[in-house]
Amino acid sequence: MSSKPLKQIHLAAHFPGVNNTTVWSDPAAGSHIDFDSFIHFAQTAERAKFDFLFLAEGLRLREQGGEIYDLDVVGRPDTFTVLAALAAVTERLGLTGTINSTFNEPYEVARQFATLDHLSEGRAAWNVVTSWDAFTGENFRRGGFLPREDRYSRAQEFLATATELFDSWDGSEISADAATGTFLRDARAGAFAHRGRHFDIEGRFNVPRSPQGRPVVFQAGDSEEGREFAAAGADAIFGRYGTLDAGREFYADVKGRLAGHGRTHDQLKILPAATFVLGDTDAQAREIAHEVRRLQVSGQTAIKYLEHVWNRDLSAYDPDGPLPEIDPRVGENTIALGRASVRQFRDPLATARQWRELARAKNLSIRELVIATTADQTFVGSAATIAESINTLVQADAADGFILVPHITPGGLDGFADSVVPLLQERGVFRTEYEGTTLRDHLGLATPAPAPAAAAAPAPAP
């Protein structure tokens with residue numbers, strides 16, 4: 001009886017800085033904007049042979065009570081500018097950017113990603129997201145926001161339209177034959193015409209086909225629509241389930257949808273985000289993890305987080321005291337603007353009841369309760385323990401790998417690269433060298449051929 005072959009683990013590095021998981025007050029913490037921080041982080045990931053670097057997106061500084069607050073590290077440089085610059089100081093590391101489909105246009109985004117793929121020689125990836133609130137929309141000419149059903153409808157058509165643009169070149173058009181004076185073999189190169197509900201565009205795409213054909217496509221939603229969207233057209237899904245049972249359930253559900261879209265099991269990678277705390281021993285790591293959680297949830301942060309549920313100004317409350325006796329204020333107008341976590345509390349009255357029961361049972365203060373009810377680190381332990389945990393989850397089909405989110409910028413990945421990665425390599429489950437040059441090579445994804453329909457696209461009118 002043959003045993004199941006070992007799966008190869010995929011690892012990526014998430015540059016932190018969008019939320020309070022980053023401990024910016026630590027003496028080891030550096031800038032989230034200086035390019036030196038991005039260089040250090042990216043080159044550490046590449047030294048460790050990671051698949052890619054991942055940048056999240058912040059389109060507006062989030063507010064609470066009309067003010068910018070400590071749940072966010074202020075500032076998020078432009079994604080494309082950072083990734084293009086990193087392409088010049090790395091050689092093999094994939095470069096993944098989160099770009100919104102609600103407020104952008106397919107032509108400009110396709111042009112930017114095709115350019116990045118050329119500049120990086122085939123290392124570009126696009127995490128396709130939608131925006132859910134009018135608060136963020138106020139920064140854009142479209143303004144407002146789209147209803148939930150329209151957000152995914154627009155995202156699907158956005159991705160399909162961008163794909164048509166990528167595929168408007170098949171890669172054979174440029175001859176650059178000096179002897180005959182012929183530069184283009186096909187004068188119709190780049191011609192496209194898209195007619196749809198959200199986009200009605202026709203013209204010429206002005207970036208020739210890039211090394212990967214199209215960027216690797218990520219999707220980050222966990223809703224029914226998000227899972228179906230990923231199964232239909234994404235190359236990887238940025239998940240949030242880092243435990244065995246929840247991970248296996250999510251993995252089986254999403255992978256099980258692929259056949260319905262004519263796709264195979266290996267055409268979609270599932271990569272949850274994961275935090276970690278390393279120590280010389282498991283006991284030391286637990287002590288460090290406890291201290292990190294206290295730094296991540298300061299007294300001020302605890303009060304601000306509680307306001308997400310109570311939807312009231314709770315600044316007069318002592319974070320080391322008991323929960324408010326007053327009930328949450330229910331309504332559409334929330335005290336926290338631009339914060340996706342607000343949507344987690346669909347029934348704030350029920351949440352408040354549960355939290356009060358927990359606080360009474362364990363004698364928890366506000367701050368202790370917030371620490372107890374928000375996410376712990378995914379992996380805590382010595383290098384050997386963390387390597388074992390990661391490998392166990394991947395071999396059990398709870399994930400294909402993990403997108404690691406350190407709590408320190410830019411050096412938070414260093415210890416993992418130096419101690420955990422060699423142990424995974426010794427097990428034979430993680431590469432010791434890059435075997436290919438493109439991100440698709442790293443992820444084991446085929447380079448897509450241009451869609452047949454693209455070749456038949458009508459030439460634009462003169």
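I began at Phe-54, which I found standing opposite Thr-96 in strand β5. Before going on I noted that this is a predicted model, in which local features need pLDDT of at least 70 and side-chain atom pairs count only at pLDDT 80 or more, while totals for chains, interfaces and linings use all residues. I also noted that residues are numbered from 1 along each chain as its sequence is written, and that side-chain values use heavy atoms, with hydrogens and water left out.

**Entry: strand β5**

I looked up the partners of β5 (residues 94–100), taking helices (H or I, at least four residues) and strands (E, at least two) as DSSP runs numbered from the N terminus, and counting two strands as paired if DSSP finds at least two bridges between them. Strand β2 (residues 52–55) pairs with β5 in the parallel sense over 4 bridges, and β5 pairs with β6 (residues 124–129), again in the parallel sense, over 6 bridges. On the β6 side, Thr-96 stands opposite Ala-125.

How much of β5 is buried (under 20% relative accessible area with a 1.4 Å probe, protein chains only; exposed is over 50%, partly exposed in between)? I found 7 of its 7 residues buried, with Gly-94, Thr-96, Thr-98 and Asn-100 on one side and Leu-95, Gly-97 and Ile-99 on the other.

**Entry: helix α7**

I then checked helix α7 (residues 244–256), whose 13 residues should span 18 Å at 1.5 Å a residue (1.5 Å times one less than the number of residues); its end C-alpha atoms are 18 Å apart, which agrees. Its buried residues are Gly-247, Phe-250, Tyr-251, Val-254 and Lys-255. They lie on the same side of α7, because they cover an arc of only 115° around the axis (taken from the directions from the helix axis to the C-beta atoms). The face turned away from that side carries the exposed residues Asp-245, Glu-249, Ala-252 and Gly-256. I traced the packing of the buried residues to α6 (224–233), β12 (236–239) and β13 (269–274), with contact meaning heavy atoms within 4.5 Å.

**Entry: the nonpolar cores**

Last, I looked up the nonpolar cores, each a set of buried Ala, Val, Leu, Ile, Met, Phe, Trp, Tyr and Cys residues joined through side-chain atoms within 4.5 Å. The largest has 76 residues, and Phe-402 and Trp-126 are among those with the most contacts inside it. Helix α5 (residues 148–166) gives the most to this core, with 7 residues. A second, separate core of 17 residues includes Ile-303, Tyr-305, Leu-364 and Val-370.
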